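Welcome! Here are some short exercises on reading a protein model, each with a worked solution. Try each task yourself before you read on.

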Amino acid sequence: MVLHILRSRKFARRVLIGLSCIIIPAFLFWGVNVNTGSDVIGTISGRAISAGDLEDSRQGIKVQLFFYDPNYAGSMRELLQNQSVMNMMAWERLILLTEAEQRGINPPDNTILGFIASHPLFHRNGSFDREVYDYVLRSSFQMDPRRFEELVRENIKVRSLRQDILKDVSVTDEEIMARFKALNDKAIISYVFIGDDLFTKDVSVSDQEARTYYEGTSASYMEPARINVEYIAASYDNTGARTEALGTMSTLYGNIAKDPSSMADMAGQNGLKHGTTGAFSENDVIPGIPFSPEFYKTAFSLSPGEVSPPVATGDVKGNVYILRKMAEYPARVKPFETVEDLVKTRLAEEKKMKLAEQKAGEYFAGLSTGTNDLDAIAAALGTTVERTGPIGTTDYIENVGPAKDLMLRVLEGQAGAFVPPVRTQKGYLLARIDEILPAGTEKFEKDKNTIRTELLSNKQIAAMDTWLKQQTDKVKVKKPIGTL
């Protein structure tokens, strides 16, 4: 299972850079010995961090999301419900907050109150209203003003630190123009495609070569941890039916927990769906089970033989499940014997691509010195010279693939020049630039501010990544943050 919020890491990072909290590379939290006997989950700059500190920081993230988007509970529901991502964000916020406090960053009270009072959701009739403020805090955060204001103070400290870290990050006019040209300029090219399939007859793979290749790339044949789960399910399509289903399943849970083998009988007696998932990993789709983060999270948290309390998968429509983990299968590298054919195929593909690369290099050398031309190369390969219409970096070349890598090189050249061999998924392409078609200055004037913002955001993300990586020696983790 891949949760929706992680399916677009780019989206998550774009949002989080605006929140002063971005995703740290996960290696900081891997390979950690879990010490379940202590409430201390790690240290930051020598300061012990407890599970309670992490929970406070999660609340701070929620407050910051609220200021980023007043409708955060709806528009960012998946992010808020993704415990792993929220934990990582909260941990990174603690790293930033600790550094801010060590630097003596401490915004005055009037800054905090002014920031809060400016939020339109706390207004009535155009001005800040204390009753509205208290109501929003109670209904949305279940906290009193003093706690809310302290979290806002911490978030402003983090924002001030981020501004200090990023104060020298900028974008030049040259960078904006280069990005604009890459996005908008087009060109017409003539090309010869040297497909790797031209070398199939020249390639063979021995058993020993395959085994050696397997041993060097065995991690790519990893089979993830899997589990098999027995379940019963009660469906619902409104809030009343949901409440009723939860009540029924809660009663059944008490009986099933005492005698797990009775699950099938209980389902039959109560007209409920019963089944087993078969072995599945976190990345697999389970036949007959609608995608549900709650289902996966609960299933993988169980011990073998353990039965879960009822799990509801939606607020209005979904299913209530009771799960029992029947078996678990640890992650492992698939034996060579089971993947031998795949190994040989992959190695043969690599060999063919290498031959295509060598041939493309030889032909390009001839093009560069004028001792060869595209027509002669096409004739030698038994193919033809192709010519495109106007294409750019976002276009697709039929039977070749996405044009981006090629066009980034083409747009740096000039008409009549040859482009060094460009690798594609199935071979190499040799191209001549026939014509460059620059975009107009009117479009540049229209787009330049948007491009500046995009480039600046990317640079800020990179700068924050670099800074956070530099804090590695100050950060010690005793428990895997993402799973707390």
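**Exercise 1: a pocket and its lining**

How much space lies in the second largest pocket? Then describe which residues and elements line this pocket.

*Solution.* Keep in mind that you are looking at a predicted model.

Step 1. Start with the volume: the second largest pocket holds about 260 Å³ of space.

Step 2. Go to the lining, which has 18 residues; Y191, F193, E386, N399 and V400 are the closest to the pocket's centre.

Step 3. Look for elements that give two or more residues to this lining: they are strand 5 (186-195) and strand 13 (396-397). Strand 5 gives the most, with four residues.

Step 4. Sort the lining by character: nine residues are nonpolar, six are polar and three are charged.

**Exercise 2: a sheet and the helices on it**

In what order do the three strands of the open sheet lie, and which helix lies across strand 1 and strand 2?

*Solution.*

Step 1. Read the strands across the open sheet: the order is 2-1-17, with antiparallel pairing.

Step 2. Find the edges. Strand 2 (47-50) and strand 17 (475-477) each pair on one side only, which is what marks an edge strand.

Step 3. Follow the turn of the sheet: from one strand to the next, the twist averages 25 degrees.

Step 4. Zoom in on one pair. Three bridges join strand 1 (residues 40-44) to strand 17 in the antiparallel sense, and G42 has V477 of strand 17 opposite it.

Step 5. Add the helices. Helix 3 (residues 51-68) is the one lying across strand 1 and strand 2, at about 75 degrees to strand 2. Helix 6 (residues 83-102) also packs on the sheet, where it touches strand 1, strand 2 and strand 17. The direction of helix 6 makes about 35 degrees with that of strand 1.

**Exercise 3: one residue and its surroundings**

Is L430 buried or exposed, and which residues does L430 touch?

*Solution.*

Step 1. Locate the residue: L430 lies in strand 16 (residues 427-437).

Step 2. Apply the cut-off. Buried means under 20% relative accessible area; L430 has 0% relative accessibility, so it counts as buried.

Step 3. List its contacts, leaving out residues up to four places away in sequence: L430 touches S190, Y191, V192, I194, A360, Y363, F364, L367, L374, I377, V419 and P421.

Step 4. Compare chain and space for one of these partners. S190 is 240 residues from L430 along the chain, yet their C-alpha atoms are separated by 8.5 Å.

Methods
Residues are numbered from 1 along each chain as its sequence is written. This is a predicted model: local features need pLDDT of at least 70, side-chain atom pairs count only at pLDDT 80 or more; totals for chains, interfaces and linings use all residues. Side-chain values use heavy atoms; hydrogens and water are left out. On a 1 Å grid over the protein atoms alone, a cavity is a set of points where a 1.4 Å probe fits but cannot get out, and a pocket is an open set with protein on both sides within 12 Å along at least five of seven lines; lining residues have an atom within 4 Å of a point. Grid points are joined across faces, edges and corners, and a volume is the space filled by probe spheres set on the points. Ala, Val, Leu, Ile, Met, Phe, Trp, Tyr, Cys and Pro count as nonpolar, Asp, Glu, Lys and Arg as charged, and the others, Gly among them, as polar. Two strands pair if DSSP finds at least two bridges between them. Axes are lines fitted to C-alpha atoms, for helices over the stretch in contact, and angles run from 0 to 180 degrees between N-to-C directions. Contact means heavy atoms within 4.5 Å. Buried means under 20% relative accessible area, exposed over 50%, partly exposed in between (1.4 Å probe, protein chains only).
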